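Hi everyone, thanks for making time this morning. I'd like to walk you through one structure, so let me put it on the screen.

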Amino acid sequence: MNDSYTKLSVDLPVPKNDGKASHLLGRTIPNLILPSTKNSFFDLSAIEKKYGILYFFPMMSMPEKELPSGWNDIPGARGCTPQNISITKHMVELEKHDAIPIGISSQPIADLEKLSTLRNLSQILVSDNKLEFQKKLNVPVFAVDGNTLYRRLTLIVKNSKILKVFYPVFPPDEHIFEILKWLEKENEN
């Protein structure tokens with residue numbers, strides 16, 4: 001694996017909270033069945049664990065494709081591969097909290113399946129290449145090189161209701177620790 005995909009540069013611009021996710025807390029996850037890297041399709045409104053960790057990310061780097069122009073200069077864009085790898089490394093801790101992580105990207109499912117295998121990712125990744133979440137919940141997006149991509153954010157869901165919104169997420173490779181800290185605190189109550 002190319003190390004440049006798994007390590008974050010220290011000089012990346014930090015995303016600012018633009019308020020574009022403030023309306024999501026308390027909302028209900030819509031009935032969406034999207035193509036996934038496990039079980040072929042996944043119903044995001046019917047998560048069987050106590051907590052669903054829905055984390056949106058722009059796109060992981062494909063080995064044979066160039067990143068969009070100026071990718072490192074877009075606040076919050078860089079870091080999808082390190083984020084996904086860190087979530088895989090902490091699956092046992094998430095399972096202790098009866099939580100299931102689900103990565104959501106507008107990347108085509110064929111890319112996500114290839115990357116999931118290539119990088120040994122154990123979590124479910126779903127492709128929302130028609131931007132259904134953006135249409136139904138107005139999840140923040142940005143455009144680059146003619147493509148619309150999700151901004152990085154995480155929704156913690158219980159019984160289809162959004163209990164916690166992390167936005168913006170930075171640095172993405174350390175975000176798993178914020179999630180675990182929130183789950184620990186929530187389970188103390």
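I'll go through the cores, then the open and closed spaces, and end with one aspartate. Before I begin, please keep in mind that this is a predicted model.

Let's start inside. The largest nonpolar core is made of 26 residues. Leu-44, Leu-54, Ile-102, Phe-133 and Leu-155 are the ones with the most contacts inside this core. Who contributes? Two or more residues each come from β3 (51–56), β4 (99–105), β5 (124–127), α5 (132–137), β8 (153–158) and β9 (161–166). There is also another core, lying apart from the largest one, with 24 residues. Met-60, Ile-85, Leu-115 and Trp-182 are among them.

If you'd like one residue to click on, try Leu-54. Leaving out residues up to four places away in sequence, Leu-54 touches a list that includes Ile-29, Ile-47, Ile-104, Leu-153 and Val-157. Leu-54 also touches Leu-44, Ile-102, Phe-133 and Leu-155, and those four are again among the residues with the most contacts inside the largest core.

Now for the spaces. The largest pocket holds about 280 Å³. It is lined by 17 residues, and Met-59, Gln-107, Pro-108, Asn-147 and Leu-149 are the closest to its centre. Which strand gives the largest share of that lining? That would be β7, residues 147–150, with 3 residues. For the chemists among us, the pocket lining splits into 8 nonpolar, 6 polar and 3 charged residues.

The closed spaces are quicker to cover. There is 1 cavity of 30 Å³ or more, and the largest cavity has about 60 Å³ of space. Of the 10 residues lining the largest cavity, Ser-61, Arg-78, Gly-79, Cys-80 and Thr-81 lie nearest its centre. By class, that lining has 6 nonpolar, 3 polar and 1 charged residues.

Helix α2 gives the most to the cavity lining, 3 residues. This helix spans residues 80–89, and 9 of its 10 residues are buried. Cys-80 and Thr-81, which we just met at the cavity, are among the buried ones. So is Ile-85, which we saw in the 24-residue core.

Last stop: Asp-111, in helix α4, residues 109–118. Is this aspartate buried or exposed? Asp-111 counts as buried because its relative accessibility is 11%, and the cut-off for buried is under 20%. Setting aside residues up to four places away in sequence, Asp-111 touches Met-62 and Lys-65.

That's my tour, and I'm happy to rotate the view for anyone.

Methods
Residues numbered from 1 in each chain as written. Predicted model: local features only at pLDDT ≥ 70, side-chain atom pairs only at ≥ 80, totals over all residues. Heavy atoms only, no water. Buried < 20%, exposed > 50% of the residue type's maximum accessible area, 1.4 Å probe, protein only. Helix = DSSP H or I, 4+ residues; strand = E, 2+ residues; numbered from the N terminus. 1 Å grid on protein atoms, 1.4 Å probe; cavity = no way out; pocket = protein on both sides within 12 Å on 5 of 7 lines; lining within 4 Å. Points joined across faces, edges and corners; volume = space filled by probe spheres on them. Nonpolar A, V, L, I, M, F, W, Y, C, P; charged D, E, K, R; others polar. Contact = heavy atoms within 4.5 Å. Core = buried A, V, L, I, M, F, W, Y, C linked by side-chain atoms within 4.5 Å.
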